[in-house]
Amino acid sequence: MRSFLKVFLAVFLAILVFCTIGFFFLIGMVSSTVSSSIPVISDKSVLKIDLAQAYVELPQKDVQDIIQGKQLEEIPSLYNVIRLIRKAKTDDRIRAIYLVADGNANGFASSDEIRNALADFKSSGKQIIAFGNSMTQKAYSIANIANKVYVSPAGDFEWVGYRVSYFFLKGALDKLQINPQIFYAGKFKSATEPLRAEKMTEANQLQTSVWLNDLYSDFLQKTATMRQLDTATLHQWANEGVIVTPQIATERKLIDGVRYDDELQSEIKQQLKIDSSDRINFVSIGQYAQVNTDLGGNGEKIALIYAAGSIVDGKGEEGVISDGEYVDLLRKARLDNSIKAIVVRVNSGGGSALASDNIWREMKMAKAAKPLIVSFGDVAASGGYYMSCAADSIFASPATLTGSIGVFGVIPDMSAFLKNKLGVTFDGVSTGPLANAGSIDHPMTEQERKIVQGSIERIYDQFKSRVAEGRKRDTAYVETIAQGRVWTGLRAKEIGLIDQHGGLQDAINAAAKKAGLKEFAVKEYPKYGNLLERILGYNKNSSAATMIEKELGPDYAGVYQQLKSVQQMTNSIQARLPFEFVIN
């Protein structure tokens, strides 16, 4: 026995020493690689921004790529991209911006903020050049701000108009003999449509047509302004499908010409007065972020709290808005006397009605203590709007999707599926007719249905009262703009759901003004740790999401997330945007 213990302890000690050495080796390897990879920003550099990269609310880093040495630079957050473009405007080393404009993985409001930052950069007299081997409409919606727009001679230029596509699960549920048992308040509350219909309802067709045409009209108007064309002609070209090649797009003055990559680089060298034999120093936005790490400013503190993802109860993983975490974040900011104002950036289609109300309560208390400004991202609807309506002021892009003031619930009846497909049946003893209410093992009784629908109606009334109080309107008026209807930020300002059109920086400036601050430092929350902490605290769930997005692309990864969210919808009352959609 003593001999066994000696061997066991020796092996255990060897493993411990090996792990310790490996740990410090990993730290040293990452640290040395990161330090050696910091780029040099030389004179006549060109800032390179790839629009196919999604710039979301918080910085991203694929931990697997770091460990495998594929990529060390962090993908900047959307706000950092905006600040970096603003920094480049006054940086004498950056002479131009090069937009890689094949596709655009960013939402419409995010694209609007990037485009506005580029327009500001362009006002300095510096050049913006956009190029795509094949340019999509969504990429062009940003690229059309450039001084020159080029497409490869053998590439494609898309000009066909916008379409929104939904997918429906009712047929699959019918085949599986699953009855979703749906309850909702608001005729436009179409979040449950994929479970109860095989195509769009008339109400959903109406609201979708309005907001989609708002986005399309904005695209046509901006293009017409930049290219000195009229919107009617642009719309006609899309309907007739006449722009089928980059050469035709050049003839119609939508782009400035066709170029191969070498021709484009020769043109850039001539503009920058670089010798033809020298290389252009392209600096990616991620590399530029590495040498501009302190973008927060100086002075009194403004707390910037990012609230992105589905709204969930309790403590959630990274990438969701859990009331357990966000109530705590807001409370700390409220009670911290060194923080003079709070800005909440909301990018959410909603989720749990209970969690939304808990966060709303803390937002209301924060507003009573200090200036509270909300900035909407691509989507701030249903629960995302619920939690925000108590703010002093709400900013949104005209392209933001918001509203959707309505609630729903789903309690699936799985009894036929379990019995006929799996051979599973249920039996039991109850002390009363409601003891088994809400269970998946039986169709709901009329009494059960009345109870659930009553809860839906009560929470809907509560939602409307929160909006009426926050927006200083009566509930009768709120009902006319509620009913679960989705609005663009353009119309949301007209009907009083928001206060101003503008991006995150506009909201921060408004918070500083309300707090009487001439100089301020933006402190961002939540904090998920530095690069090394994220490596050591590697999250398998976030890795799986990253891998799915890499394989499927952002649009179809969203479909996967929608299927996953069906489970989250069940057995709780939801304040959630109409289900996920793909716009192309």
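Helix H8 is where I would like to begin, since H8 gives the most to the lining of the largest cavity, with 5 residues, and I should say straight away that what we are looking at is a predicted model. Helix H8 covers residues 202-227, and along with helix H4 (108-122) and helix H5 (137-143) it belongs to the helices that each supply at least two residues of that lining. How much space lies in the largest cavity? The computed value is about 150 Å³, and if you would like to find the place on the screen, look for Phe108, Asp112, Ser141, Asp218 and Lys222, which are the closest to the centre among the 14 residues that line this cavity. In terms of chemistry, the lining divides into 6 nonpolar, 4 polar and 4 charged residues. Counting cavities of 30 Å³ or more, we arrive at 2.

Let me stay with helix H8 for a moment, because threonine 223 is found there too, and is threonine 223 buried or exposed? Its relative accessible area is 0%, so with a cut-off for buried of under 20%, threonine 223 counts as buried. If we leave aside the neighbours within four places in sequence, the contacts of threonine 223 are Tyr140, Asn144, Trp159, Gln228, Leu234 and Leu254.

Now to the strands. An open sheet is formed by 6 strands, with parallel pairing, and reading across the sheet the order is S7-S4-S3-S2-S1-S8. Strand S7 (257-258) and strand S8 (281-284) each have a single partner strand, so at these two edges one side of each strand is left without a neighbour in the sheet. Within the sheet, strand S3, residues 127-135, runs parallel to strand S4, residues 148-157, and the two are paired over 6 bridges; in this pair, serine 134 stands opposite aspartate 156 in S4.

A pairing in the other sense can be seen between strand S6, residues 182-185, and S17, which are antiparallel over 4 bridges, and here isoleucine 182 stands opposite valine 410 in S17. Which residues of strand S17 lie on each of its covered faces? On one side there are Val407 and Gly409, on the other Phe408 and Val410, and all of these are buried.

Next, some details of the backbone, which are worth finding one by one. The peptide bond that leads from tyrosine 525 to proline 526 is cis, with omega near -5 degrees, and proline 526 sits in the loop between strand S20 (520-525) and helix H21 (531-536). Lysine 253, although not a glycine, has a positive phi of about 70 degrees; you will find lysine 253 in the loop between helix H10 (246-251) and S7, and at 56% relative accessibility it counts as exposed. Glutamine 483 is not a glycine either, and its phi is positive as well, at about 60 degrees; its place is in the loop that joins helix H18 (475-481) to strand S18 (486-488).

Finally, let us step back to the whole chain, which has 22 helices and 22 strands. Of its 584 residues, 48% count as buried, while the chain exposes about 27,300 Å², with carbon and sulfur atoms supplying 53% of that area. Among contacts with a separation of 6 or more, residues 24 or more positions apart account for 75%.

Methods. Residues are numbered from 1 along each chain as its sequence is written. This is a predicted model: local features need pLDDT of at least 70, side-chain atom pairs count only at pLDDT 80 or more; totals for chains, interfaces and linings use all residues. Side-chain values use heavy atoms; hydrogens and water are left out. Two strands pair if DSSP finds at least two bridges between them. On a 1 Å grid over the protein atoms alone, a cavity is a set of points where a 1.4 Å probe fits but cannot get out, and a pocket is an open set with protein on both sides within 12 Å along at least five of seven lines; lining residues have an atom within 4 Å of a point. Grid points are joined across faces, edges and corners, and a volume is the space filled by probe spheres set on the points. Ala, Val, Leu, Ile, Met, Phe, Trp, Tyr, Cys and Pro count as nonpolar, Asp, Glu, Lys and Arg as charged, and the others, Gly among them, as polar. Buried means under 20% relative accessible area, exposed over 50%, partly exposed in between (1.4 Å probe, protein chains only). Contact means heavy atoms within 4.5 Å. Accessible areas come from the Shrake-Rupley method with a 1.4 Å probe; for residues, only the protein chains shown count as cover.
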